[in-house]
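Colleague: I should be grateful for a close look at a single part of this model. Please explain each term as you go, since the reader is a first-year student.

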Number of protein chains: 2
Amino acid sequence: MRYSIKQVAAKTGLSAYTLRFYDKAGLLPFVARDASGYRAFTEGDLLLLKTICCLKDTGMAIADIRQYINLVMAGPKTAKQRATMLQQHRETVVAKQKALAENLHEIDYKLAIYAAPDAENLVAQEWAAASADKQANALSNPFHAR
Amino acid sequence: MRYSIKQVAAKTGLSAYTLRFYDKAGLLPFVARDASGYRAFTEGDLLLLKTICCLKDTGMAIADIRQYINLVMAGPKTAKQRATMLQQHRETVVAKQKALAENLHEIDYKLAIYAAPDAENLVAQEWAAASADKQANALSNPFHAR
DNA sequence: GCTTGCCTTAGAGTGTACTCTAAGGTTTAA
DNA sequence: TTAAACCTTAGAGTACACTCTAAGGCAAGC
């Protein structure tokens, strides 16, 4: 089975523009051309593209993905180098998860205030504190009474 | 206690450039000026800035953060609107967490292959499959023997 | 044979979020 | 009083990842 660029776009959610952009950027050196010069994706190409999307969606820069793909194209002998790259990337992803969880906790804390039955009162207290803070420092106060 | 832009930069990890950029973008309407026209941050301002960073770090666009700050500046009466905004944002953050966890799983799967004692053999099998895929589709094969 | 709907390329344009430069004012300390 | 180290602004420049336009080739159906 061969897939046209439009079919791959539909399958992956990437636009055809983006796929061509990735090709130009050196991310798709494995994609062959048919007799008319059209890109012809195979199932195996889709697996590699899936890996590319996985790396992209976890925040890897295109230049780094290209480096990874270059290792793939260089053959099985680069397995250990790929492991090193992925291991490093894994750590940035875990760090991202940790940061995201902490920030979510912060959002939930705020939400607990805003969703409380007496939210307006609680928020008015924050407001008063910020206002007092301005006055204590003899600064103009944007939290004027309402 | 008042903080200069440089002190706030050191405290938050944002650059002074970024803080000025945020101010220009309407994210810091609460920051007052001292007699010389210098920005003077209070403790209360740092709390608000922390919220801004929390929203930014979870992927909220600056235009949306400005909208949230506008609600804050409009007073306690906007508590419910803020709750709605944060609730919606919360869902995008949870979705992000889910996607990240799935992608991490994918990375771990790859790593298991690359880190195996016989990694080169396993990778050679992938390689052979991709190569066969090209041949079965009568396409030029970038996975030539090595 | 002509229209429609694909595909190709090079290269220009867009959006977002910074990041920096230039010109100049303020504060502190020698 | 002058140098160093801050601060200010407007606006230009950068980095990144797309996103689109223009000009044109290929393939199928009427």
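Modeller: The account below deals with the surface near DNA strand D and then with the two domains of chain A.

This is a predicted model, in which local features need pLDDT of at least 70, side-chain atom pairs count only at pLDDT 80 or more, and totals for chains, interfaces and linings use all residues. Residues are numbered from 1 along each chain as its sequence is written, chains are lettered from A and ligands numbered from 1 in the order in which they are written, and side-chain values use heavy atoms, with hydrogens and water left out.

DNA strand D is surrounded by 18 residues, where a residue is near a strand if one of its heavy atoms lies within 4 Å of it. The closest are A:Tyr22, A:Ser36, A:Tyr38, B:Arg33 and B:Arg39. Of the atoms of DNA strand D that come within 4 Å of the protein, 71% belong to sugar and phosphate. By class, the surface has eight nonpolar, four polar and six charged residues; Ala, Val, Leu, Ile, Met, Phe, Trp, Tyr, Cys and Pro count as nonpolar, Asp, Glu, Lys and Arg as charged, and the others, Gly among them, as polar.

Individual atoms can now be considered. In A:Tyr38, a polar side-chain atom lies 2.5 Å from a base nitrogen of DNA strand D. B:Arg33 instead has a side-chain N or O atom 2.8 Å from a phosphate oxygen of the strand. A polar backbone atom of A:Ile62 is 3.5 Å from a phosphate oxygen of DNA strand D. Two or more residues each come from helix 2 (16-24) of chain A, and from helix 1 (5-12) and helix 2 (16-24) of chain B. Helix 2 of chain A gives the most, with four residues; helices here are DSSP runs (H or I, at least four residues), numbered from the N terminus.

Chain A itself is divided into domain 1 (1-74) and domain 2 (75-135), with bounds from an automatic or database domain assignment. Their C-alpha centres lie 32 Å apart. Contact, meaning heavy atoms within 4.5 Å, takes 11 residues from domain 1 of chain A and nine residues from domain 2 of chain A. The area buried between these domains is about 940 Å², with 71% given by carbon and sulfur atoms; buried area is the accessible area (1.4 Å probe) that two parts lose on being put together, summed over both. On the side of domain 1 of chain A, A:Thr58, A:Tyr68 and A:Leu71 lose the most area, together 55% of what that side buries.

Conventions. A polar contact is a pair of N or O atoms within 3.5 Å; within protein, one must be able to donate a hydrogen and the other to accept it, and residues adjacent in sequence count only if both atoms are side-chain atoms.
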